[in-house]
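Visitor: I've got a protein model up on my screen and some questions about how its parts fit together. Could you walk me through a few of them?

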Amino acid sequence: MSEPLGAGVEEPEDRHGAFPRLGEDQRARLRALGEAIATKPGDVLWSEGDDSYDFFVVESGAVAIVRGYGSENLIVAVHGTHRFLGELSLMTGARAYLSAVVRDGGEVIRVPVAALRELVRDDEELGNIILRAFIARRAILIEAGAGYRIIGSRYSRDTQRLREFLARNRVPYQWLDLDEDEEADALVRALAIPPAETPVVLGAGEVLRNPSNAEVAAALGLGARGAPPPLCDLVIVGGGPAGLAAAVYGASEGLDTQAIEAVAFGGQASSSSRIENYLGFPSGISGSELAERAALQADKFGARLVVPAEATALRREDGHFAIDLADGGRVNGRCVIVATGARYRRIDVPELERFEGVGVYYAATATEAQGCSGDPVVVVGGGNSAGQAAMFLSAHAGSCRLLIRGGDLGKSMSHYLVDELARNPRVEVMTNAEVVALGGEHALESAVVRDSGQGTETEFEARAVFVFVGASPHTDWLGGEVAVDEHGFLLTGRDLQAEFTGAHAGERPLFLETSAPGIFAVGDVRSGSIKRVASAVGEGSMAVALVHQRLASI
Ligand SMILES: Cc1cc2nc3c(=O)[nH]c(=O)nc-3n(C[C@H](O)[C@H](O)[C@H](O)COP(=O)(O)OP(=O)(O)OC[C@H]3O[C@@H](n4cnc5c(N)ncnc54)[C@H](O)[C@@H]3O)c2cc1C
């Protein structure tokens, strides 16, 4: 007789509350919401690719969590007595990407997912235990790469795009490099996929050949499903910290709220490897984890979160606002909060585009760090984001040079970071320096740096150049419907000159309200905003009170 799947595998330790055991009283509360079911080895509780699955507590016996059940049979973990199964996808409604198969027979408690969601809302003690475990499990699965698989070349822009899309959406995945990994090559041959159709995304029973981000999102079941409501109280455009805060406050204060996001909830904050100055997190928190928690919170209060959904136009129609989406869809809202943030500026270097995504990057997350591990890298910029990137990358890269155009780092960077950089022997700060040329055949190999003080140019070996040189706002899609400042950032409240306030019929626009009554602007996209997570969150939450005020007057 063959051994059951996961024979001999030990249960994982309970790291950061990821795998707690529930007490008698807690299990009794769950039993009251569901049913007890006898299990035998080989029973499948849910399968990879299932649209949704239920919540299970192991009363006795053990259950294996498996990737590629029936083919790869990779054991991700085994859970025994009084532990519960599942992870974040149970709460977000995404498709299952692992299977749960009974290893040792016994009994499980099965709780329907709808009842679990109610429990998380109403039972503070159990809700906290379950949510904390799901968030910790997601982090462990991301670290282990135990979910989907992307097979593609490191030199392919689409590989980079897909890796970034999954990483920014906090989807666990493993990347198999077609250029380095024999397993990757064998796998695409076995699937009879020609090189022209790579990269491929494998998982949840699907093989997606060079899919668009929208196709991946649909296959994974990311974001809200089904048709949007015909009209809601509040549409939030942009899902960075400002938009997420507006979604949490809007939904929790009774507004019918919908947030649409072009790429991934979290915005720029997701590309920050560690935010150290956000209130309440003394040891720092990664931007993506902060975003994951916020999205979960917004979802818990009933906000509808749609991704990927890019707004392309806005107009007034029958007393409400209509927003067109890039995929041809549209959403309608009585009020709109614009939270579309800003995009990083490029540097003026010949052939920059050729290297974007394959050597030139505008974010420094674990994805990029993995791609340049042990290699020489260059970071360009004198602000906090450049300083943080240099600190983070120096732990992974072979060497790290931080280039600033001016002569004094302290002019544009927070003091704590200047001090940290000064103490870090792995970062070389170069002042009066700028990149003037990039070299390399398929990928980046070198960067030429001009020293404007000395008038000299030096070529350095560089596998990656990280650019953090300021930002311009995402406001083109508004098509001139609202007043902007000379750099394109949205003017609000008292900053609006009299000539822009006509639509307000003689009244001053509300604080954070744009020149169009009912359209608010928050976070980095707003003229005069402080470019910080905390201020974006503050503005997003304040705007909701003003939306209430505006709705009452319509
Ligand atoms: C690497 C890095 C490190 C940082 N570190 C810190 C830090 O330590 N502390 C700190 O306080 N701040 C930090 N910041 C700054 C902080 O992240 C930003 O100030 C903050 O994210 C702004 O939030 P936001 O919601 O206004 O905009 P964003 O975070 O820019 O979010 C805007 C969102 O809108 C979406 N969007 C844009 N156009 C459209 C459209 N047409 N339709 C739909 N969606 C759209 C974008 O995809 C994006 O997700 C850092 C930034 C970076 C890049």
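Visitor: In which sense do strand 19 and strand 20 pair?
Guide: Keep in mind that this is a predicted model. Strand 19 covers residues 399-403, and four bridges tie it to strand 20. Leucine 403 stands opposite methionine 430 in strand 20. The sense of the pairing is parallel.

Visitor: Which strands stand at the edges of that open sheet?
Guide: The sheet has five strands in the order 17-24-18-19-20, with parallel pairing. An edge strand has a single partner, so one side of it is left without a neighbour in the sheet. That picks out strand 17 (360-361) and strand 20 (427-430).

Visitor: Now the hairpin: which residue in the turn between strand 8 and strand 9 has a positive phi?
Guide: Strand 8 (residues 200-203) and strand 9 (residues 206-209) run antiparallel and are joined by four bridges. In that ladder, leucine 202 has valine 207 as its partner. Two residues lie between the strands, and the one with a positive phi, about 50 degrees, is alanine 204.

Visitor: Within what arc do the buried residues of helix 7 fall?
Guide: Helix 7 (residues 213-220) has Val216, Ala217, Ala219 and Leu220 as its buried residues. Looking down the axis, they line one face of the helix, because they fall within an arc of 165 degrees.

Visitor: And what do those buried residues of helix 7 pack against?
Guide: Just past the end of helix 7, glycine 221 has a positive phi of about 75 degrees. As for the buried residues of the helix, their packing partners are strand 6 (148-152), helix 5 (157-168) and strand 9.

Visitor: Is the pair of phenylalanine 84 and phenylalanine 134 stacked or edge-to-face?
Guide: It's one pair in a structure that holds eight aromatic pairs. Phenylalanine 84 sits in the loop between strand 4 and helix 2, while phenylalanine 134 belongs to helix 4, 50 residues apart. Both are buried, phenylalanine 84 at 0% relative accessible area and phenylalanine 134 also at 0%. The ring centres are 6.1 Å apart and the planes make 70 degrees, where the cut-off is over 60, so the pair is edge-to-face.

Visitor: Last one: how far is the charged end of arginine 163 from the centre of the ring of tryptophan 175?
Guide: There are charges over rings here, including lysine 300, which lies over the face of phenylalanine 301 at 5.7 Å from the ring centre. Arginine 163 has its charged end over the ring of tryptophan 175, and the distance to the centre is 4.0 Å.

Terms used
Residues numbered from 1 in each chain as written. Predicted model: local features only at pLDDT ≥ 70, side-chain atom pairs only at ≥ 80, totals over all residues. Heavy atoms only, no water. Phe/Tyr/Trp six-rings, centres within 6.5 Å; stacked < 30°, edge-to-face > 60°. Buried < 20%, exposed > 50% of the residue type's maximum accessible area, 1.4 Å probe, protein only. Lys NZ or Arg CZ within 6 Å of the ring centre and 35° of its normal. Pairing = 2+ DSSP bridges. Arc of directions from axis to C-beta. Contact = heavy atoms within 4.5 Å.
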